[in-house]
Amino acid sequence: MTMVEPVAELIEPLSLQAPEILEKTRSQLVLPSKTALKIPKQDIRPTLKASTIDGVFATVFESATGGVLLSNFLLQLGASSVEIGILSAIPMVVNFLQPLGAYIADRTTSRHWYNLGIFGLSRLLWLMLVVAIFWGSARADLHQLLEWTLVTVFAASVLGAFASANWFSWMAAVVPHRLRGRYFGFRNSATSLITLLGVPLMGFCVSTWGTDPISGYGVVLFLGVLAGLISLGCQFWMVDVNPQVYGKDAETDRLPEKKENYVTDFVPSVLKDSNFLIFILYFSVWTFAVNLSAPFFNVYLLKDLSLDVSLVTVYSSLSSGANLLLLMFWGKLADRWGNRPLLIAVGLVVAVTPLLWLGTGNYPFAVWVWLPLLHLLGGTTLGAIALCTNNIQMEIAPIEQPSTYFAIAAAVSGVAGALGTTAGGFLAELPGMSLGALFALSAAVRLLGLLPLILVREPRSVSLRSIVPSFVFLQLKRLTAND
């Protein structure tokens with residue numbers, strides 16, 4: 001429990017921790033006109049602790065069912081780049097169902113029980129693949145096992161899509177508005193620590209499991225599913241939220257007018273929200289660009305460079321380590337300056353990162369120096385992007401319909417990401433097309449995707465012009481204090 005003790009400190013009044021720079025730029029902040037119903041402070045503390053532990057066990061599950069371990073498993077089954085791209089696209093394309101899931105979730109009376117039912121069934125489905133692995137590997141029917149993997153990923157992803165917006169809305173309700181950056185920075189740091197330690201252990205287990213790494217993955221997958229179920233158990237210690245109560249107007253304590261016309265009124269309201277539409281444009285193009293190359297970095301290491309899976313998992317741990325060290329820093333900056341400035345500044349670094357992969361190969365300097373540095377850079381920057389992307393959605397979504405806004409964003413970006421991985425898989429198989437050329441194309445589209453973000457308006461966000469002199473002022477102040 002010592003790992004989650006700092007969460008209690010995050011709940012102290014913000015005025016005790018507010019940096020001087022925030023006071024100087026307060027006149028630039030745009031505060032919401034009304035807030036949602038308050039959750040008692042004594043309920044928030046145990047909720048955030050339980051949510052952190054939930055995230056730790058969920059990370060074990062996600063590491064076993066995705067990432068480098070799943071990519072290596074697919075390669076062991078003889079999957080091509082096109083098949084890997086399609087399998088990577090499934091969890092994203094089914095996000096198109098998230099608006100329907102949000103609509104259903106907003107008509108329930110419990111975020112917790114809806115989340116438990118949907119995610120519980122989704123994670124139990126992976127046990128079917130565990131059985132198929134031991135059955136299929138014993139019969140050496142790898143093609144059928146690849147089909148079972150496709151079915152499992154599809155079914156589990158469809159179910160997960162129905163609950164994702166519900167979980168997002170639950171977190172938006174229970175995490176204090178001004179502490180989101182710091183709390184999610186801490187929570188993501190805890191999950192990164194587990195990735196740092198757990199993924200290499202799981203990769204080592206797979207690579208050393210006798211002469212059958214496929215069965216080794218089956219064992220790791222079974223343990224991952226158990227961890228996923230434990231994470232759902234932790235949610236019993238989180239304060240539940242009733243969407244029918246939380247959605248009430250803070251001033252009149254009544255449900256927003258025209259609730260009965262929710263579906264017909266929502267589409268016009270979204271179309272009138274130009275700020276949200278601009279964000280959707282950025283989010284979709286950016287997600288397409290990132291996923292154009294993201295699934296194929298591990299394929300490049302495992303297939304093109306013929307590196308052992310245990311070494312590739314060490315690289316992944318380096319990314320998690322960098323993420324762990326800097327997430328709290330990113331969270332504090334997001335609370336101080338806003339999410340949009342960080343998305344632009346860090347996004348520029350993420351955009352050019354694929355170009356740094358060009359010229360790498362299976363030679364000592366690249367294997368032991370350059371590739372580790374690239375993974376450290378990726379862990380540092382992508383952690384900031386993920387944190388700020390989630391937080392900025394909570395900032396710009398209206399209180400009355402948060403689930404549906406989150407679902408729309410996930411659906412559009414999910415389809416864009418699925419198109420990106422699928423397109424990347426087909427491009428990688430084209431004659432004369434290398435993964436290096438695919439990485440360069442991804443970098444160009446990433447830079448293009450950042451342009452709409454310049455026009456997005458975020459409440460409480462500080463302009464980029466004011467950040468640079470403020471940052472220099474803080475650094476000079478620290479240097480003066482040290483002297």
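**Exercise 1. Work out how α15 and α20 pack.**

Start with the numbers: the axes of α15 and helix α20 (residues 435-449) come within 11 Å and cross at roughly 165 degrees. Axes here are lines fitted to C-alpha atoms, for helices over the stretch in contact, with angles from 0 to 180 degrees between N-to-C directions. Helices are DSSP runs (H or I, at least four residues), numbered from the N terminus.

Before going on, a quick note on the model. It's predicted, so local features need pLDDT of at least 70 and side-chain atom pairs count only at pLDDT 80 or more, while totals for chains, interfaces and linings use all residues. Residues are numbered from 1 along each chain as its sequence is written, and side-chain values use heavy atoms, leaving out hydrogens and water.

Next, the direction: angles over 145 degrees count as roughly antiparallel, so α15 and α20 are roughly antiparallel to each other.

Now the residues. On the α15 side, F296, F297, Y300 and D304 make the contact (heavy atoms within 4.5 Å); α20 brings L435, L438, F439 and R446. Sorted by type, that's six nonpolar, no polar and two charged.

**Exercise 2. Do the same for α3 and α11.**

First, the geometry: helix α3 (residues 41-64) and helix α11 (residues 213-234) have axes that come within 7 Å and cross at roughly 160 degrees. These two are therefore roughly antiparallel as well.

Then look at who touches whom. Among the α3 residues in the contact are I53, F57 and F61, and the α11 residues include Y217, L221 and V225. The whole contact divides into 15 nonpolar, three polar and one charged.

**Exercise 3. Decide whether α4 is enclosed or open.**

Use the cut-off: buried means under 20% relative accessible area, exposed over 50%, partly exposed in between (1.4 Å probe, protein chains only). Seven of the ten residues of helix α4 (residues 67-76) are buried, so α4 is largely enclosed by the rest of the structure. You can find them as V68, L69, L70, S71, N72, F73 and L74. Just after α4, G78 takes a positive phi of about 90 degrees.

**Exercise 4. Find what is unusual about S306.**

Locate S306 first: it's in the loop between α15 (295-304) and α16 (309-337). Most residues other than glycine have a negative phi. S306, though not a glycine, has a positive phi of about 55 degrees. Finally, S306 counts as exposed, at 56% relative accessibility.

**Exercise 5. Describe the whole chain.**

Count the elements: 21 helices and zero strands. Then check burial: buried residues make up 55% of the 483 residues.

Note on methods
Parallel < 35°, antiparallel > 145°, perpendicular 65-115°, else oblique. Nonpolar A, V, L, I, M, F, W, Y, C, P; charged D, E, K, R; others polar.
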